[in-house]
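Reader: I have the sequence and the model open side by side, and I would like a close look at a single part. Could you take me through the helix and the side chains along it, with some care about how far the model can be trusted?

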Amino acid sequence: MAVTGDETAATGDMPAYQIRAPATALPQGVVMAASPGTLHSPQQLAEEATRKRELRLMKNREAAKECRRRKKEYVKCLESRVAVLEVQNKKLIEELETLKDICSPKAD
């Protein structure tokens with residue numbers, strides 16, 4: 001005995017479900033993507049491969065350009081930080097020398 005929904009067969013075994021036919025048409029605006037097997041000729045396959053390769057190369061060029069820009073910015077930031085720390089280090093060395101002169105006993 002076939003049943004629908006959550007009803008179970010009379011024996012209490014596994015529920016049996018009614019199989020419905022799939023929808024006859026796709027909703028408006030839905031487009032099925034063509035699989036590589038549906039292309040008509042080897043030339044079309046080659047063109048598709050070339051198009052994908054060009055797209056990948058273009059994306060790679062853009063990513064590389066952005067990477068170089070970020071690296072350049074990072075290096076400039078590091079160079080700026082080095083300059084500031086060098087100035088600070090020089091001032092601290094001068095201060096240390098001044099304090100050494102004040103605190104050390106004169107051996108004259």
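Author: Partly exposed, in the sense needed here, is the class between buried, under 20% relative accessible area, and exposed, over 50%. Val75 has a relative accessibility of 35%, and therefore counts as partly exposed. This is a predicted model, and before going further into the helix it is worth setting out how confident the predictor was. The mean pLDDT of the protein chain is 80, with 61% of its residues reaching 70 or more. Over residues 7-11, however, the pLDDT is below 50, and in the model this stretch has six contacts beyond near neighbours in sequence.

As for the overall fold, the secondary structure of the protein chain amounts to one helix and zero strands. That helix is H1, which covers residues 42-103 and includes Val75. Of the 108 residues in the protein chain, 2% are buried, and the chain exposes about 10,700 Å², of which carbon and sulfur atoms supply 59%.

Val75 is a useful place to start, since two descriptions of the chain meet there. In the model, Val75 joins Tyr74 and Leu78 in making a nonpolar surface patch of about 270 Å². In the UniProt record, an unreviewed entry, residues 75-102 are listed as "coiled-coil region". The model shows this span as 100% helix and 0% strand, and the C-alpha atoms at its two ends lie 41 Å apart. The annotation itself comes from the record and may be inferred rather than shown by experiment.

The charged side chains along H1 can be taken next. A search of the whole structure finds five salt bridges, and among them is the pair formed by Arg51 and Glu48, whose side chains meet with 2.8 Å from N to O. Because Arg51 and Glu48 are three residues apart in helix H1, about one helical turn separates them. Arg51 has a relative accessibility of 46% and so counts as partly exposed, and Glu48, at 27%, likewise counts as partly exposed.

Further along the helix, Arg70 forms a salt bridge with Glu66, in which the closest N and O atoms are 3.9 Å apart; a salt bridge is counted here when a side-chain nitrogen of Lys or Arg is within 4 Å of a carboxyl oxygen of Asp or Glu, so that distance qualifies. Arg70 and Glu66 are four residues apart in helix H1, which means that about one helical turn lies between them. Arg70, with 45% relative accessibility, counts as partly exposed, and Glu66 counts as partly exposed at 32%.

Arg69 and Glu73 also meet through their side chains in a salt bridge, at 3.1 Å from N to O. Both residues lie in helix H1, four residues apart, or about one turn of the helix, and Arg69 counts as partly exposed because its relative accessibility is 42%. Through salt bridges that share partners, Glu66, Arg69, Arg70 and Glu73 are joined into one network.

Taken along the sequence, then, the part you asked about has the Arg51 and Glu48 salt bridge, the network of Glu66, Arg69, Arg70 and Glu73, and the nonpolar surface patch of Tyr74, Val75 and Leu78.

Technical notes:
Residues numbered from 1 in each chain as written. Heavy atoms only, no water. Patch = residues over 30% accessible without salt bridge, like charges linked within 9 Å, V, L, I, M, F, W, Y side chains within 5 Å. Areas by Shrake-Rupley, 256 points an atom, 1.4 Å probe, with all protein chains shown as cover. Buried < 20%, exposed > 50% of the residue type's maximum accessible area, 1.4 Å probe, protein only. pLDDT = per-residue confidence, 0-100. Contact = heavy atoms within 4.5 Å.
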